[in-house]
Amino acid sequence: MAASDPTPGWPAVVHSSGLQQQVKYAKVLAVGAGGIGCELLKTLVLSGFENIEVIDMDTIETSNLNRQFLFRKRHVGESKAKVAAEAVRKFRPHAQIVAHQGNVKEPQYDVDFFRKFDLVLNGLDNLEARRHVNRLCLAAEVPLVESGTTGYIGQVSVHKKGVFECFECQSKPSPKTYPVCTIRNTPDKPIHCVVWAKELLFQRLFGRPDVVTDLDEAEANGEDGAEGHEEKEDPSFFLRRDGETADAYARRIFHRVFTYDIERVLRMKDLWTTRTPPTPLVLDDILESPPSNGPHAPAKAAASNGHAGASASASRALGLRDSHQMWSLRDNARVFLESIRTFLEQRPEDVGAAEFDKDDALAVDFVTAAANLRSLAYGIPTQTLFDCKGMAGNIIHAIATTNAIISGLIVVEAMKLLAKMDSHCKATYLSQFNRRMVCAVAPPPPDAKCMVCGKSQLQLQIDTASTTLGQFVTKVLKKHLGINEPTVTCGDFMYEEGSGLDDSEVAFNAKNLPLALASLPGGGVRNGAILEIDDQTQHFQVQVLVSHKDDWDEEKVPEKFTLTGSLPPAQQEAEAGTAGTAGTAGAEAGPSSAAAAAGDDNDVVELVEAPPASTTEQSGKRKRPAESDAEPAPSKGKRAKAADDDDCICLD
Ligand SMILES: Nc1ncnc2c1ncn2[C@@H]1O[C@H](COP(=O)(O)OP(=O)(O)OP(=O)(O)O)[C@@H](O)[C@H]1O
Ligand SMILES: [Zn+2]
């Protein structure tokens, strides 16, 4: 620091009484009190922050204790936010730590709630919540420090309206999807069988009857080429019949899915010209086969028709206690039957209401056994319970040290923001695969083509004749765009969600959900239609231009829609004039790098690069009526590997 300069630079400023006072009085919201959140809260209070509110919706589980060190065994079942707040108060008794047990998407955490804070710091594990917080931070004009870890890799990024890119300026990888026909008829990888067991069979047997998955839809539409079968047409087949014992029901389901359905697909001869055909499984033959005596035999043999009794785990009740042990065909059949019986007899309230949860031992038993049986029928390698749980739950094992490093970096960025040293802010990436373990780059500026903080529009290609409003709302608006409570307007037609609707509005909406887009009232949503989408809970609006497309290659686009963003023509011209000059504080420092994104309900972090503005798509056709600044349109085609250079190291 030059003697003539009274303001210390970064990092000397950290020791200045000015910044220490700012830290002491800053109001900070920490979202998430899990792996990152616990570390973050500890580091915040030990760094002098004294006004912290923390939100987490979850309760503590035994599996959290190995890395969420604010929690002890006695806390299992208690609120994460409350226990974490209590624990850090012990480090700094005079700190004001307010705990909220709740979902950050609940209406009480609205834009006014966010405005109370100087900074928001995310320690979340899912894309949906991250996007929601991003939108509220933009609306409330509060800077956001975002983070994520997965195994040994992690990142911290800084988002500030008008200065740095928002969390959604770079498109995020969407969760991996698989072609429906592969899952239903021609699996060739273990994951195909896990998806089938979890998304189709578990859902059918134990899930809510009103939830229709893509896999069901394919069947209803006859897409698997097996129309016309009398049993398949009977929607009640998978329900338990009056007077049917749990055992008889489990056997009937086994026969249906592993014998009958396999025989049915075998009859679709075209499928097997280039593939190895599957082999139907016959339950009686399997159960009559002698138990395996090899190294994989169950630790303790259960009675031949042994039931799980009071145990919540079918496999453990059958003596299969080692989750790393590979089950035999017979083991899988017995676990399959036992887990169905246990659901029916011990958890009848869950039948018709269950959702797959990786921490539900019985659900994992069922999915493992069902996936393995299907694999055995198709000649695919089977998986251990441990591996299957990981695949079904998208688990990548967390590393406490990664969380600790990332939390430290969040606090560093938080201090720079408080010190108004935006030009020193960094997006920081941690990877064991880098030449350098930590790589930091200047946060990119906002992207004018961002659907959230920019001003662009969306173009949707979809089959308007067969896609229902319900599918559009669920798949396109909620899953793909992260919208919470959409209002969709198209000409005179309106679909609304959220509280405050009267009965007639609710009935009108419900009546329209099963209708194809093209058949909606008011002339339908057809080729060329313009939809106005609004979510008041996120202060988010976007305009969507619809084009009809009915010839989809399911292998390439399993979702059967595409959504791309572009600037309205007038803005494209303006952009062309300023291309490459959109720098803001810190934006000129080397290649922009990186957005972190988590897949649905997991901690997967993907490190991606924002390419130069010229590489992004600009194919807008219509002009958006001038409205608010908060208008959207997605940035697409932007992901690329980070370039190898002095500041940023290539991440594979
Ligand atoms: N919408 C949300 N509102 C509030 N808290 C959320 C929301 N979504 C996720 N969280 C919280 O974010 C935290 C993320 O922490 P972490 O990634 O360590 O997950 P975890 O559930 O504790 O661990 P694991 O998933 O490995 O079992 C969790 O405590 C979770 O409850
Ligand atoms: Zn943005």
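Me: Why is K560 called partly exposed?
Reply: In this predicted model, K560 has 19 other C-beta atoms within 10 Å. A residue is buried if that count is 20 or more and exposed if it is 12 or fewer, so K560, with its 19, is partly exposed.

Me: What makes the backbone of K560 worth a remark, and where in the chain is K560 found?
Reply: Phi of K560 is near 60 degrees, which is a positive value in a residue other than glycine, and K560 is found in the loop between β13 and β14 (561–566). The background to such a remark is that most residues other than glycine have a negative phi.

Me: How do you know whether H539 is buried, exposed or partly exposed?
Reply: The count for H539 is 18 other C-beta atoms within 10 Å. As 20 or more would be needed for buried and 12 or fewer for exposed, H539 is therefore partly exposed.

Me: What makes the stretch around H539 a hairpin, and how do β12 and β13 pair?
Reply: H539 lies in the loop between β12 (530–535) and β13 (540–548), and these two strands form a hairpin with four residues between them. At least two bridges are needed for two strands to pair, and β12 and β13 have six, in the antiparallel sense; I533, for instance, stands opposite V542 in β13. In the turn, H539 has a positive phi of about 50 degrees, although H539 is not a glycine.

Me: How do you know that β13 also pairs with β9, and in which sense do they run?
Reply: Strand β9 (residues 457–462) and β13 are joined by five bridges, in the parallel sense, where two bridges would meet the requirement. Within this pairing, L458 stands opposite V544 in β13.

Me: Why is strand β1 described as largely enclosed by the rest of the structure?
Reply: Four of the five residues of β1 (residues 27–31) are buried, so the strand is largely enclosed by the rest of the structure.

Me: Which strands does β1 pair with, and how many bridges support each pairing?
Reply: β1 runs parallel to β2 and is joined to β2 by five bridges, with K27 opposite N51 in β2. β1 also runs parallel to strand β4 (residues 119–122), to which four bridges join it, and here L29 stands opposite V120 in β4. Against a requirement of at least two bridges, both pairings therefore count.

Me: Which helices and strands make the right-handed β-α-β units that contain β2?
Reply: One right-handed unit is made by β1, α2 and β2, and another by β2, helix α3 (residues 80–91) and β3. In the second unit the strands β2 (residues 51–56) and β3 (residues 96–101) run parallel and are joined by six bridges, and the bridge partner of I52 in β3 is I97.

Me: What makes up the shell around ligand 1, and which residues come nearest?
Reply: Of the 21 residues around ligand 1, G32, G34, G35, D58 and D125 come nearest. By kind, the shell divides into seven nonpolar, eight polar and six charged residues, and α2 (35–46) and β2 each supply at least two of its residues.

Me: How do you know that the length of helix α15 agrees with its number of residues?
Reply: At 1.5 Å a residue, the 19 residues of α15 (residues 400–418) should span 27 Å, and the end C-alpha atoms are 27 Å apart, so the two values agree. Of these 19 residues 16 are buried, so α15 is largely enclosed by the rest of the structure. The helix is followed by K420, whose phi is positive, near 55 degrees.

Me: Why does V194 count as buried?
Reply: V194 has 27 C-beta neighbours inside 10 Å, against the 20 that are required, and therefore counts as buried. V194 lies in helix α7 (residues 190–206), and its C-alpha atom is separated by 9.0 Å from that of S375, although the two are 181 residues apart along the chain.

Me: What does the UniProt record list as "active site", and is that residue buried or exposed?
Reply: The unreviewed UniProt entry lists C181, whose place is in helix α6 (residues 180–184). With 17 other C-beta atoms within 10 Å, C181 falls between the two limits of 12 and 20 and is therefore partly exposed.

Me: What makes the bond between W10 and P11 a cis peptide bond?
Reply: Omega of the bond that joins W10 and P11 is about 10 degrees, and the bond is cis; P11 is found in the segment before α1 (17–25).

Methods
Residues are numbered from 1 along each chain as its sequence is written. Chains are lettered from A and ligands numbered from 1 in the order in which they are written. This is a predicted model: local features need pLDDT of at least 70, side-chain atom pairs count only at pLDDT 80 or more; totals for chains, interfaces and linings use all residues. A crossover is right-handed if, with the strands pointing away from the viewer, the path from the first strand over the helix to the second runs clockwise. A residue is near a molecule or strand if its C-beta atom, placed from the backbone, lies within 6 Å of it. Ala, Val, Leu, Ile, Met, Phe, Trp, Tyr, Cys and Pro count as nonpolar, Asp, Glu, Lys and Arg as charged, and the others, Gly among them, as polar. The expected span of a helix is 1.5 Å times one less than its number of residues. UniProt positions are given in the numbering used here, feature names are shortened, and annotations may be inferred rather than shown by experiment.
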